[in-house]
Amino acid sequence: TCHFCEGPVVGGWYKVLDRFIPGTTKVDALKKMMLDQGGFAPCFLGCFLPLVGALNGLSAKDNWAKLQRDYPDALITNYYLWPAVQLANFYLVPLHYRLAVVQCVAVIWNSYLSWKAHRL
């Protein structure tokens, strides 16, 4: 994946979340996780998968077909991993360390996404 793009995007998103939902209670963490997984994750995947397809030279038609095929499974798989990670991240980890925590987990997640994006 594009770690040069991902870091600033995700880091910026965490700052927005912290401004929108200040606080570190369990309820605050749950609200942040719900916004992250209900809004950010579907959008991020919806941008990431076609970007990789375009960078790999897929035509618009083939890229759209691949997105339709891969997106639902990738999003469902996302929901097996990320809600628990993000709930712990938003509750236990200070803002300035959240991106580092996510990047550690993202090594595994990005391997899956890379496999998914490069499957024909």
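A residue counts as buried when its relative accessible area is under 20%, as exposed when this is over 50%, and as partly exposed in between. Keep that cut-off handy for these exercises on a predicted model.

**Exercise 1. Place Gln-86 and decide whether this residue is buried or exposed.**

Step 1: Find the element. Gln-86 lies in helix α3, which spans residues 60–92.
Step 2: Apply the cut-off. Gln-86 has a relative accessibility of 2%, so this residue is buried.
Step 3: Look at the surroundings. Setting aside residues up to four places away in sequence, Gln-86 touches Tyr-14, Met-33, Asp-36, Gln-37 and Val-102.
Step 4: Look for a polar partner. The side chains of Gln-86 and Tyr-14 share a polar contact of 2.8 Å.

**Exercise 2. Classify Leu-87 and find which residues make a nonpolar surface patch with it.**

Step 1: Leu-87 also belongs to helix α3.
Step 2: Its relative accessible area is 32%, so Leu-87 is partly exposed.
Step 3: Together with Leu-30 and Met-34, Leu-87 makes a nonpolar surface patch of about 270 Å².

**Exercise 3. Describe the largest nonpolar core and the elements that build it.**

Step 1: Count and rank. This core holds 24 residues, and Tyr-14, Leu-45, Leu-49 and Leu-113 have the most contacts inside it.
Step 2: Assign elements. Two or more core residues come from each of α1 (3–20), α2 (26–55), α3 and α4 (95–118).
Step 3: Zoom in on one residue. Beyond its neighbours within four places in sequence, Leu-49 is in contact with Asn-63, Leu-67, Asp-70, Tyr-71, Ala-74 and Ala-117.
Step 4: Add the general background. In soluble globular proteins, nonpolar side chains tend to be buried together.

Notes:
Residues numbered from 1 in each chain as written. Predicted model: local features only at pLDDT ≥ 70, side-chain atom pairs only at ≥ 80, totals over all residues. Heavy atoms only, no water. Helix = DSSP H or I, 4+ residues; strand = E, 2+ residues; numbered from the N terminus. Buried < 20%, exposed > 50% of the residue type's maximum accessible area, 1.4 Å probe, protein only. Polar contact = N/O pair within 3.5 Å; in protein donor to acceptor, adjacent residues only side chain to side chain. Contact = heavy atoms within 4.5 Å. Core = buried A, V, L, I, M, F, W, Y, C linked by side-chain atoms within 4.5 Å. Patch = residues over 30% accessible without salt bridge, like charges linked within 9 Å, V, L, I, M, F, W, Y side chains within 5 Å. Areas by Shrake-Rupley, 256 points an atom, 1.4 Å probe, with all protein chains shown as cover. Salt bridge = Lys/Arg side-chain N within 4 Å of Asp/Glu carboxyl O.
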